[in-house]
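Student: Could we go through this model together, beginning with one arginine and then moving outwards?

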Amino acid sequence: MTPDIVTRRLSIFPLTGAVLFPGMQLPLHIFEPRYRALVGDALIRDRQIAMIQPQRPVEGAPLYRVGCVGRIGEIQAMDDGRYNLILEGTARFRLVRELEVTTAFRQIEAEILDEDEDETLTHAQRGGFEREARAFASSQGYAVDWGSVGRLDDRSLINGVSQIAPFDPASKQALLEAGSLAERCELLVQLMQFYGRHDGGEEIVTLQ
């Protein structure tokens, strides 16, 4: 018999294109009243906010199935009630159901996903990724400190590139949902090859 999954109640910030990965940081400027309320509530409780993308950029749209919990790190509260903050990714989660609430912000029931913190890439996977990353950066005209890149551990490298790469929201979501570090690395290579074949003109490239 399958054991019951353990779930948590999470307050969410649904924002298209804003994808947070475990171990990474996401700067946010909070100005809407409902999300100012979300931050205020998080500061009173556990300083945690769950980032998840809506499936469409419209009010009340259905949510994707996987997001990432973030902990509020640095925060600046402004006199008019707005916030600037840094959200630090702690763990991915899988949406179980959305809750009916009276708060201005949406809340969900979610399962926190286990991560294999000890997983690393093989030398071939790491080398292949770095070669593709160099080619992609060159094709896009990006200046990269490759010495610093080479000193990153595998998880920081793959999650970091997944978060900052200029891919469409559906591609970012696919990266977040990848079940292992190796799978995310493989998908990143495919995405860099796919996007690198386009010259950044008017055509919009997506995986949808």
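**Arginine, strands and charge pairs**

Tutor: A polar atom in the side chain of R184 lies 3.3 Å from the backbone oxygen of A178, where a polar contact is a pair of N or O atoms within 3.5 Å, one able to donate a hydrogen and the other to accept it, and residues adjacent in sequence count only if both atoms are side-chain atoms. This is a predicted model, in which local features need pLDDT of at least 70 and side-chain atom pairs count only at pLDDT 80 or more, while totals for chains, interfaces and linings use all residues. Residues are numbered from 1 along each chain as its sequence is written, and side-chain values use heavy atoms, with hydrogens and water left out.

Student: Which other backbone oxygen does the side chain of R184 reach?

Tutor: That of L176, also at 3.3 Å. R184 itself sits in helix α6, residues 181-196, with helices (H or I, at least four residues) and strands (E, at least two) taken as DSSP runs numbered from the N terminus.

Student: And what is the nearest side chain of opposite charge to R184?

Tutor: It is E115, 5.3 Å away, and R184 is buried yet has no salt bridge. Here buried means under 20% relative accessible area, exposed over 50% and partly exposed in between, with a 1.4 Å probe and protein chains only. A salt bridge needs a side-chain nitrogen of Lys or Arg within 4 Å of a carboxyl oxygen of Asp or Glu; Lys and Arg count as positive, Asp and Glu as negative, and His and the chain ends are not counted.

Student: So what does E115 pair with?

Tutor: E115 forms a salt bridge with R92, the closest N and O atoms being 2.6 Å apart. The pair links distant parts of the chain, since R92 is in strand β5 (residues 83-98) and E115 in the loop between β6 and α2, 23 residues apart. R92 is buried because its relative accessible area is 4%, whereas E115, at 23%, counts as partly exposed. R92 is also among the residues in contact with R184 (contact meaning heavy atoms within 4.5 Å), together with others including F21, I158 and S162.

Student: How many salt bridges does the structure hold?

Tutor: Twelve. One of them joins D154 and R126, with closest N and O atoms 2.7 Å apart, and this pair connects helix α4 (residues 154-164) with helix α2, 28 residues apart. There is also a network of salt bridges that links E32, R34 and E59.

Student: Switching to strands, which way do β1 and β6 run?

Tutor: Antiparallel: five bridges join β1 (residues 7-14) to β6 (residues 107-112), and R9 has E109 as its bridge partner in β6. β1 also pairs with β3 (residues 48-52), in the parallel sense over three bridges, with I12 opposite A50. Two strands pair if DSSP finds at least two bridges between them.

Student: Last one, what about the overall size?

Tutor: The radius of gyration is 18 Å, which agrees with the value near 17 Å for a compact globule of 208 residues; the radius is taken over C-alpha atoms, and the globule rule is 2.2 Å times the number of residues to the power 0.38. The C-alpha atoms fill a box of roughly 50 × 50 × 35 Å along the principal axes, and buried residues make up 43% of the 208.

Note on methods. Lists of a residue's contacts leave out its neighbours within four places in sequence.
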